[in-house]
Amino acid sequence: LNVNISQQFHHWYETFRYTFMNMGSGFGYQQDEIEDIIDQFFLDLLEKKINPASIQNPQAYLSTAFRRKLIDHHRKHSKVQLLTVRTDDECRAQVSIQDTIEQMEANIELINAIRKAYKKLPARCRKVIDLKYYQNLTTDEIALQTGLSKRSVYNNLFEGIKLLREELNRVSPGIHIAALLSSLTFVMLLG
């Protein structure tokens with residue numbers, strides 16, 4: 001390698017090392033692991049035989065390249081960890097028939113509670129909820145179809161979901177709105 005190129009990379013190493021240490025700690029890596037990643041990063045740059053003179057903004061170039069290195073390292077590490085977790089879970093997790101039956105009964109109770117709460121809603125709220133979450137219409141499309149203003153559509157959606165949440169919190173405290181809306185679509189399919 002050309003001595004000037006080697007000196008330039010060494011200068012960059014010394015200049016950006018602490019910045020890269022901070023970036024790595026932001027990703028949750030320990031100091032010794034970050035140092036290994038930084039060393040490997042600069043070795044990879046040297047192997048690519050990049051001409052330092054062709055890099056107009058070294059800080060931007062190196063920071064972006066190092067961030068990509070951290071992301072790649074994280075993805076690689078996450079895949080290995082995920083495969084290990086899946087293998088362990090597959091070996092340990094044998095769901096009993098009783099657990100499955102209890103879960104199904106709880107789901108049926110929730111669906112029945114949602115159905116009852118939905119039927120208690122004012123007709124205008126049921127209509128816009130049906131159009132929004134069952135027929136997948138936008139607020140603009142609902143306004144055109146019903147003759148309501150966009151603001152009225154929004155208010156009826158808000159009011160309907162609020163009433164559903166209040167009613168369901170009496171029956172099933174702590175239900176999340178995402179579970180409510182996904183179950184509501186299923187309930188509307190069942191009639």
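**Exercise 1. Secondary structure**

Task: State how many helices and strands the protein chain has, and in what order the elements run.

Solution. In this predicted model, the protein chain has eight helices and zero strands. Read from the N terminus, the elements run α-α-α-α-α-α-α-α.

**Exercise 2. Burial, surface and contacts**

Task: Describe the protein chain by its buried share, its exposed area and its contacts between residues at least 6 apart in sequence.

Solution. Begin with burial: 27% of the 191 residues count as buried. Next, take the surface: the chain exposes about 13100 Å², and carbon and sulfur atoms supply 53% of that area. Last, turn to the contacts between residues at least 6 apart in sequence: 66% of them join residues at least 24 apart.

**Exercise 3. The nonpolar cores**

Task: Find which members of the largest nonpolar core touch the most other members, and which elements give two or more residues to this core.

Solution. The largest nonpolar core has 18 residues, and F20, F42 and F66 touch the most other members. The elements that give two or more residues to this core are α1 (3-26), α2 (31-47) and α3 (58-92). Apart from this core lies another one of 17 residues, including A117, C125, L157 and L164.

Now take F20 by itself. With neighbours within four places in sequence left aside, F20 is in contact with I34, I38, F41, F42, L62, S63 and F66.

**Exercise 4. Two aromatic pairs**

Task: Classify the aromatic pair of F9 and W12, then do likewise for F41 and F66.

Solution. Two values are needed, as a pair of aromatic rings is described by the distance of the centres and the angle of the planes.

Step 1. The structure holds eight aromatic pairs. One of them is F9 with W12, at 5.3 Å centre to centre and 70° between the planes. Planes over 60 degrees apart count as edge-to-face, and the pair of F9 and W12 is edge-to-face.

Step 2. Place this pair in the chain. F9 and W12 are separated by about one helical turn because they are three residues apart in helix α1. F9 counts as buried because its relative accessibility is 4%. W12 is also buried, with a relative accessible area of 4%.

Step 3. The ring centres of F41 and F66 are 5.3 Å apart and the planes stand at 80°, so this pair is edge-to-face. F41 is in helix α2 and F66 in helix α3, 25 residues apart, and the pair links distant parts of the chain. Both F41 and F66 are buried.

**Exercise 5. A cluster and a charge over a ring**

Task: Name the residues of the aromatic cluster that contains F20, and state which residue lies over the face of Y18.

Solution. The cluster is formed by Y13, F16, F20, F41, F42 and F66. Over the face of Y18 lies R17, at 5.4 Å from the ring centre.

Methods: Residues are numbered from 1 along each chain as its sequence is written. This is a predicted model: local features need pLDDT of at least 70, side-chain atom pairs count only at pLDDT 80 or more; totals for chains, interfaces and linings use all residues. Side-chain values use heavy atoms; hydrogens and water are left out. A nonpolar core is a set of buried Ala, Val, Leu, Ile, Met, Phe, Trp, Tyr and Cys residues joined through side-chain atoms within 4.5 Å. Buried means under 20% relative accessible area, exposed over 50%, partly exposed in between (1.4 Å probe, protein chains only). Helices (H or I, at least four residues) and strands (E, at least two) are DSSP runs, numbered from the N terminus. Contact means heavy atoms within 4.5 Å. Accessible areas come from the Shrake-Rupley method with a 1.4 Å probe; for residues, only the protein chains shown count as cover. Rings of Phe, Tyr and Trp (its six-membered ring) pair if their centres lie within 6.5 Å; planes under 30 degrees apart count as stacked, over 60 as edge-to-face and the rest as tilted. A charge sits over a ring if NZ of Lys or CZ of Arg is within 6 Å of the ring centre and within 35 degrees of the ring normal.
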